Amino acid sequence: PRSRNVRSMEERRACEERLGQVVEKMKKEGIDMSQWRLGTFQRTICPQCEGGSTEERSLSVFIREDGTHGNWTCFRANCGWKGYTQPDGVPKAYQAKKDSGNENESDQEVKANQPVKVIRKLREEDLRLEPLCDELVTYFSERMISAKTLRRNNVSQRKRNNKIVIAFTYRRDKVLVGCKYREVSKKFSQEANTEKILYGLDDIKQARDIIIVEGEIDKLSMEEAGYCNCVSVPDGAPAQVSNKLPDKDHDKKYSYLWNCKEYLDPASRIILATDADPPGQALAEELARRLGKERCWRVKWPKKNETEFCKDANEVLMFLGPRALKEVIEGAELYPIRGLFNFKDFFPEIDSYYLGIHGDELGIPTGWKCMDGLYKVVPGELTIVTGVPNSGKSEWIDALLCNINNQCGWKFVLCSMENKVRDHARKLLEKHIKKPFFDARYGGSVERMSKDEFEEGKEWLNESFHLIRCEDDCLPSIDWVLNLAKAAVLRHGVRGLVIDPYNELDHQRPPNQTETEYVSQILTKIKRFAQHHSCHVWFVAHPRQLHNWTGAPPNMYDISGSAHFINKCDNGIVIHRNRDPDAGPVDVVQVCMKKVRNKVIGQIGDAFLTYDRITGEYKEADEAIVAKVVKQQIRQKSTSYQR
């Protein structure tokens, strides 16, 4: 018996030591009780939120009787602070037992006895509510709310701390569920541990249209405008929209929506009339996320004077009257859903298009009159350019860019993987200065560009063009090109992007993706880039190997890879150079418009240009030459059909 008493004394001392450590650690967290009770939940003021404006004793504190741990949780919706602590000398046997999950029944009972909010059932007689005094009736009348509306909504008063406060009763099926108190000075409090529901819940039972406001007085104001199908949230608005939408069990702040789900589900239209300030708009977003934006509408509060807007429903009622408040509700707009629009959202852009404010609504001329009737350059479109090798696709695009730069001052970013930088610079300079770069045989008797012209041309190159170059051995991906092009748009204000050619890009694709799906994907990315940044994109794609080629221009469907090249582009162009001396001069270039999506800027047809080999310029071909080329093409087709 004596040894047993010794062990009991040792256990008691160890327990007291553990309890002392737990209490000291809680005090360091700011939790200091006047009297500590073990094995039960105690309530005190939270040191983090200080109980809010009502100094609510919202912090639940628990210390296990054997001193092995303590924990706390604040149950205020705007706080939620919680924590856990244990002494340094927790017995190893207990810790091992806890880690292994082999706790005894008493351990499990304490673990199960975590802080759980018990819902109070209120009784009318316990609240000692009274009818509103004349003073408060006058207060409401000054806010344009009648005594009739107050009686219908059971608005009462109560004496608390030698003050008379307004009591808003929350009811479901006419049964009292909660009560919220408001001082005239706008200090709020409410009955603790009651179920959170919407204020005025019975007014929306089986309602198809529902109005949700931010405060009880706003709900009463809506009734003065003739809308009884209105409820108010019980807890006000958050400071900002939460990053993540929690699941139902953890959505404590908006538990009233889940508690009233059977009342809200039948509604086909929910008008969110929250306050106009940032917290009110954040509340509208949080409500819409939970209720479904597809059935939500929002209001736009009117001006109450020349400089200020009304903040909420009661301000509209006070300053503008019930008719104005009714007009606000009747004028509610659909709540915006990302990616879903009305034409009205684009009316300013459509107006600018109609009025020609931007000046490029009808497209930018190409610089060749014979082409302007077939094709013009529109910001935000994708042009696919193809043609058999050595037809002059890149040369023609360079000449087009020079013409546009000369007319409109556009800047361009060039991703031309087949060209060396110095060769590309030479070609552009020759087209700009209209003189050969070298004093070489191809220049004939034409004088080479002078040193001054060369220096001026370098300045022009630097101001008008930017380059996308892959500096290592790997091939660039389309995402890499578009990211750099985006930087060029934002940093340098470029209006056009050239990707030349398609087969110089990295085309690694997932094993389960077909080439057709891949081409569709990258063309969609390019089109989105063009539209988002109002940047025209020229994309050069080679045709597949043509067997038994007769020398006629290829078709857009001949492009290697997929028919999506013609399906998804805005404009499809085939560049074809005459190679038959019998058909006409070999410097004749045929520009075939095979697709024009926008009839405003062009149409399908052919234009003929002549290529100046000395300067790289393209000029309009004479009518006689054009007639000869067309006649020869007709003859070739006839021969082909006969075969």
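Which residue follows H19, and what is the sign of its phi? To find out, select the end of that helix in this predicted model: H19 is followed by Ser-534, whose phi is positive, near 50°. The tour returns to this residue after a look at the whole chain.

**The whole chain**

Colour the protein by its division into domain 1 (3-85), domain 2 (124-240 + 253-334) and domain 3 (369-642). If you place a marker at the centre of domain 1 and another at the centre of domain 3, each taken over C-alpha atoms, the two markers are 77 Å apart.

**Helix H19 and the turn after it**

Select residues 515-533, which make up helix H19 with its 19 residues. From the first C-alpha to the last the helix reaches 27 Å, close to the 27 Å expected at 1.5 Å a residue. Now show the side chains of Tyr-518, Val-519, Ser-520, Ile-522, Leu-523, Ile-526, Lys-527, Phe-529, Ala-530 and His-533, which are buried. As a guide to reading such a list, an α-helix has 3.6 residues a turn, so residues three or four places apart point the same way. To see what the buried residues of H19 pack against, add strand S14 (382-386), helix H18 (478-492), strand S17 (496-500), strand S18 (536-540) and helix H20 (564-568).

Step on to Ser-534, which lies in the loop between H19 and S18. Its phi near 50° is a positive value in a residue other than glycine, and Ser-534 counts as partly exposed because its relative accessible area is 32%.

Then select Asp-500 and Pro-501, which are joined by a cis peptide bond with omega about -5°. Pro-501 has its place in the loop between S17 and H19.

**The sheet in domain 2**

Move to strands S5 to S8, where four strands form an open sheet in the order S5-S6-S7-S8, with antiparallel pairing. Strand S5 (156-160) and strand S8 (188-190) stand at the edges and have a single partner strand each, so one side of each is left without a neighbour in the sheet. Viewed with direction ignored, neighbouring strands of this sheet are turned by 35° against each other on average.

Zoom in on S5 and S6, which pair in the antiparallel sense over five bridges; for one bridge to display, take Ser-156, whose partner in S6 is Ala-167. Next add helix H5 (residues 134-142), which packs on the sheet and touches S5, S6 and strand S7 (175-182), its direction making about 70° with that of S6. Helix H7 (residues 216-224) also packs on the sheet, where H7 touches S6 and S7, and the direction of H7 likewise makes about 70° with that of S6.

**Thr-169, within strand S6**

Is Thr-169, found in strand S6 (residues 163-172), buried or exposed? Thr-169 counts as buried because its relative accessibility is 3%, under the 20% cut-off. Draw two distances from its side chain: a polar atom there lies 3.3 Å from the backbone oxygen of Asn-154, and the side chain also makes a polar contact with the side chain of Arg-171 (3.3 Å). Leaving aside neighbours within four places in sequence, the residues in contact with Thr-169 are Leu-129, Asn-153, Asn-154, Leu-176, Gly-178, Cys-179 and Tyr-199.

**Ser-268 and Glu-315**

Select Ser-268, whose place is in the loop between helix H9 (261-264) and strand S11 (269-273). With a relative accessible area of 41%, Ser-268 is partly exposed. Its C-alpha atom is 6.3 Å from that of Asp-209, although the two residues are 59 residues apart along the chain. Not counting residues up to four places away in sequence, Ser-268 touches Arg-208, Asp-209 and Arg-295.

Go on to Glu-315, found in helix H11 (residues 313-320). Its relative accessibility is 19%, and Glu-315 therefore counts as buried, the cut-off being under 20%. Leaving aside its neighbours within four places in sequence, Glu-315 is in contact with Lys-304, Phe-309, Cys-310 and Leu-320.

**Last stop: Glu-55**

Finish at Glu-55, in the loop between strand S1 (41-44) and strand S2 (59-63). Phi of Glu-55 is near 50°, a positive value in a residue other than glycine, and Glu-55 is exposed, with a relative accessible area of 55%.

Terms used. Residues numbered from 1 in each chain as written. Predicted model: local features only at pLDDT ≥ 70, side-chain atom pairs only at ≥ 80, totals over all residues. Heavy atoms only, no water. Domains from an automatic or database assignment. Helix = DSSP H or I, 4+ residues; strand = E, 2+ residues; numbered from the N terminus. Expected span 1.5 Å × (residues − 1). Buried < 20%, exposed > 50% of the residue type's maximum accessible area, 1.4 Å probe, protein only. Contact = heavy atoms within 4.5 Å. Polar contact = N/O pair within 3.5 Å; in protein donor to acceptor, adjacent residues only side chain to side chain. Pairing = 2+ DSSP bridges. Axes fitted to C-alpha atoms, helices over the stretch in contact; angles between N-to-C directions.
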